Each structure stands twice: as structure tokens, then as C-alpha cells.
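Biologist: Got a minute to walk me through this one? Let's have it up on screen first.

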Amino acid sequence: MTITITGALGHIGSALIRNLDPKVTRVHLVDNLFTQRYASLFNLPAHPKFIFHETDILSAEMEGIIKNSDAIVHLAAITDAQNSVRNRTLVNRVNKQGVRKLALLAARYRVPLLFPSTTSVYGVQSGLVDENCPQNDLKPQSPYAESKLYGERLLDRLGKSKGLAFVTFRIGTIFGYSIGMRFHTAVNKFIWQVCLGQELTVWKTALHQKRPYCALTDAIAAINHVLGNNLFDREIYNIVTVNSTVSEIIDTIRLYKSNVRIRLTQSPIMNQLSYDVSREKSEKKGFTYTGNLKRGIRETIRKFSGLRNTQMS
Ligand SMILES: NC(=O)c1ccc[n+]([C@@H]2O[C@H](COP(=O)([O-])OP(=O)(O)OC[C@H]3O[C@@H](n4cnc5c(N)ncnc54)[C@H](O)[C@@H]3O)[C@@H](O)[C@H]2O)c1
């Protein structure tokens with residue numbers, strides 16, 4: 001099986017390309033190096049065969065790549081949700097026009113598409129939320145999350161009108177090490193700040209609010225589950241390892257670092273309530289979860305063990 005992975009050098013992509021389902025024999029890696037993660041191409045395994053395309057997902061080159069693929073994992077996106085308020089134009093171009101272009105090509109050439117959305121599309125919620133949440137209740141709180149909801153709705157329409165085969169994941173915030181990892185999301189950002197001896201900057205409103213998180217290993221297992229079982233069933237699945245409060249995450253970091261200091265800041269994104277995201281639908285479909293927050297945090301902290309500020313317990 002030949003697949004295309006866009007955004008292949010990023011946090012998820014750089015781990016996925018090292019842990020692909022054995023059915024995958026050839027991979028077109030697409031990335032425009034917007035985030036400069038050249039190192040993600042270091043020491044790739046001998047199998048499958050990798051072909052790297054340094055190109056934009058909106059480039060004309062994408063047609064030839066997709067035409068010759070059996071599936072697309074579309075990871076490329078502008079992913080910094082907090083700064084997406086300032087970068088709306090770029091977010092719309094890459095995240096909205098990008099998914100539109102790829103989905104239309106996928107429909108034309110009958111190539112199934114895996115689309116990673118985000119649990120942030122749930123926005124202002126409380127209690128336990130699942131994929132049956134009415135569309136009117138989805139209230140994304142950033143241009144980034146809005147762009148993902150746009151993608152979800154577009155795929156749904158193209159599935160009905162053009163027979164596009166797809167699956168959408170609403171993934172919780174990823175934690176866990178990869179060579180192309182980024183540090184502007186909750187768990188990773190805290191680890192970075194603690195390992196550098198900095199104060200943790202925590203949104204005041206978020207301290208005791210529950211949010212969904214996903215171990216990188218679980219996200220990769222979910223992607224492989226779709227690829228390995230050809231599970232492009234036009235459904236949406238929450239992909240979530242654990243629902244946790246920021247306060248619980250910080251307590252877990254404290255297990256490995258004694259010097260945690262916190263500074264509470266105002267959030268630029270509207271306040272939200274506490275909510276849990278259900279993973280029941282994905283489990284019923286055979287997705288499995290083995291990740292855990294403690295292990296993910298410990299592994300990432302260990303990567304910084306050479307820094308002077310690092311005090312492993
Ligand atoms: N990491 C998370 O917490 C998380 C959670 C939910 C959903 N997701 C989604 O999963 C996907 C992958 O996330 P990630 O954390 O690996 O992101 P990332 O930012 O680490 O990687 C994205 C990659 O896309 C590339 N890229 C950006 N614009 C591009 C363009 N125009 N053309 C080609 N390549 C381009 C970047 O260079 C980067 O390597 C994204 O769509 C993201 O929205 C991520």
C-alpha cells in the first residue's frame with residue numbers, strides 16, 4: 001500500500017512515519033518545512049520506502065502524488081491554536097483551502113482520506129461530550145478550531161455528494177515525545193518551562209477545568225488501525241487517552257521535578273467550562289488505548305536530562 005502523509009515532519013507525523021502499519025510499503029512524505037523540522041528526516045527506518053516532497057499542500061504537485069496513493073493522512077496544518085487569533089489569514093489558507101484542495105483531489109481519484117480534527121471543536125461544553133453532540137453545540141473558540149470544524153463539515157458534504165471515503169478524528173491535545181515534537185500545547189509547554197527552570201504560565205480559568213489529552217502512541221495506533229483495516233467509514237471518532245485538569249497535569253510533573261513554580265495568566269481565548277470527552281465510540285470500533293500521562297511526561301522530561309536545571313527524582 002502506498003500512502004501520502006502531509007505534514008509528515010511534525011509532532012505526530014515524525015513519530016507515525018517510524019511506526020507505520022506493516023501493510024504500508026511506500027510513503028510520500030509531504031511537508032513545506034514551515035516549522036523547520038528537518039531533523040524529522042534523520043535515521044528513518046529502511047522499511048517502508050520513503051519519498052520526500054518539500055512542497056506546499058496547495059501546490060500543483062499534490063495532484064500527481066495523490067493520484068498515485070492508496071490513502072492520505074492529512075496532518076499538515078497551522079497548529080498553534082493560541083496564535084491563530086493573530087494568524088487568521090494563514091490558518092484559513094492552509095487549514096481550510098488546504099483540506100478543501102486535498103479532499104477534492106481525494107474524491108476525484110477515489111483515494112480515502114484521514115483527517116485529524118481536534119476536541120477543541122467542542123468549545124463551550126460541560127459534562128461528558130461525545131460525537132453525537134448536536135452541530136449547533138459545537139462552538140470552537142479559536143480560528144484554528146474553527147478551521148478544523150470547517151474541514152469536518154466539508155468532508156461530510158463531499159462524502160455525501162462525491163462519495164469521498166474518509167474518517168475524521170477529534171484528537172485530544174497530544175503529549176509524548178517525537179523527534180519533531182512541538183511545545184506550544186499544554187502538557188509539552190509545561191514540561192519545557194519546568195525543564196528550563198521557568199515559571200509555568202497557566203491560564204487562570206483552566207487550572208481546574210478538565211480537558212481531553214491523547215498520548216502520541218495512541219494517536220499513532222488509531223491512525224494505523226484505520227490504515228490496516230481500511231476503516232474509512234465516513235464517521236467521526238474522538239481519540240482521547242485521558243481527561244485531566246491542568247492541576248492534575250502539574251501534579252504529575254511534580255513527581256519528576258521538584259522545582260515547579262506557577263504563574264497564573266489571563267487567557268486570550270474565551271473562558272470555557274469543564275468537560276470530559278468520551279472515547280467509547282472509538283473503543284467499540286476496535287481502537288485501543290495504552291498510553292498514560294505519567295509515562296508520557298516522564299519520557300519527555302528525560303529528554304531534557306542533560307540541562308542544568310533538570311532535577312530528576
Ligand atoms: N498535536 C496535537 O495536540 C493535535 C491535536 C489534535 C489535532 N491535531 C492535528 O493533527 C495534525 C498534526 O499535528 P502536529 O501536532 O503533528 O502538527 P505540527 O505543527 O507539529 O506539524 C504540522 C506539519 O505541517 C507542516 N506544514 C504546515 N503548513 C504546511 C503546508 N502549507 N504545506 C505542507 N506542509 C505544511 C509543518 O511544516 C509541520 O511539519 C494537525 O492537523 C493538527 O491540527 C494535533
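Biologist: Is R100 buried, partly exposed or exposed?
Modeller: R100 is partly exposed, because its relative accessible area is 40%. That falls between the 20% limit for buried and the 50% limit for exposed. Keep in mind that this is a predicted model.

Biologist: Where does R100 lie?
Modeller: In helix α3, which covers residues 88-108.

Biologist: And which residues is R100 in contact with, leaving aside its neighbours within four places in sequence?
Modeller: Y150 and L154. The C-alpha of R100 is 26 Å from that of L216, with the two positions 116 residues apart in sequence.

Biologist: Switching to the ligand. Which residues come nearest?
Modeller: D31, R37, T79, Y144 and K148, out of 28 residues around the ligand.

Biologist: How far is the polar side-chain atom of Y144 from an oxygen atom of the ligand?
Modeller: 2.5 Å. For R37, a polar side-chain atom lies 2.7 Å from a ligand oxygen. H11 uses its backbone instead: a polar backbone atom there is 2.9 Å from an oxygen of the ligand.

Biologist: How much of the ligand does the protein bury?
Modeller: 98% of the 830 Å² that the ligand exposes when taken alone.

Biologist: What is the shell made of, by class?
Modeller: 13 nonpolar residues, ten polar and five charged.

Biologist: Which helices and strands supply at least two residues of that shell?
Modeller: Helices α1 (11-16) and α4 (143-162) do, and so do strands β5 (113-118) and β8 (173-175).

Biologist: β5, then. Which strand do two bridges join to β5?
Modeller: β4, and the two run parallel. One bridge pairs V73 of β4 with L114 of β5. β4 also pairs with β1 (residues 2-6), again in the parallel sense, over four bridges. There, I3 has A71 as its bridge partner.

Biologist: Are the faces of β4 covered or open?
Modeller: Both are covered. A71 and V73 are buried on one side, and I72 and H74 are buried on the other. That split fits the general pattern: side chains in a regular strand alternate between the two faces of the sheet.

Biologist: New topic, helix α5. Why is it largely enclosed by the rest of the structure?
Modeller: Because seven of the ten residues in α5 (residues 186-195) are buried. They are V187, N188, F190, I191, Q193, V194 and C195.

Biologist: What do those buried residues pack against?
Modeller: Three helices, α1, α7 (246-254) and α9 (293-303), plus strands β8, β9 (200-203) and β10 (210-215).

Biologist: What follows α5?
Modeller: G197, with a positive phi near 75 degrees.

Biologist: And T205, where does that lie?
Modeller: In the loop between β9 and β10. T205 counts as partly exposed because its relative accessibility is 28%. M181 is 24 residues from T205 in sequence, and their C-alpha atoms are 26 Å apart.

Biologist: Last one. Is S282 buried or exposed?
Modeller: S282 is buried, because its relative accessibility is 0%. The cut-off for buried is under 20%. S282 is in helix α8, residues 280-284.

Biologist: What does S282 touch, not counting residues up to four places away in sequence?
Modeller: Y237, N238, I239, F287 and Y289.

Note on methods. Residues numbered from 1 in each chain as written. Predicted model: local features only at pLDDT ≥ 70, side-chain atom pairs only at ≥ 80, totals over all residues. Heavy atoms only, no water. Near = heavy atom within 4 Å. Polar contact = N/O pair within 3.5 Å; in protein donor to acceptor, adjacent residues only side chain to side chain. Areas by Shrake-Rupley, 256 points an atom, 1.4 Å probe, with all protein chains shown as cover. Nonpolar A, V, L, I, M, F, W, Y, C, P; charged D, E, K, R; others polar. Buried < 20%, exposed > 50% of the residue type's maximum accessible area, 1.4 Å probe, protein only. Contact = heavy atoms within 4.5 Å. Pairing = 2+ DSSP bridges.
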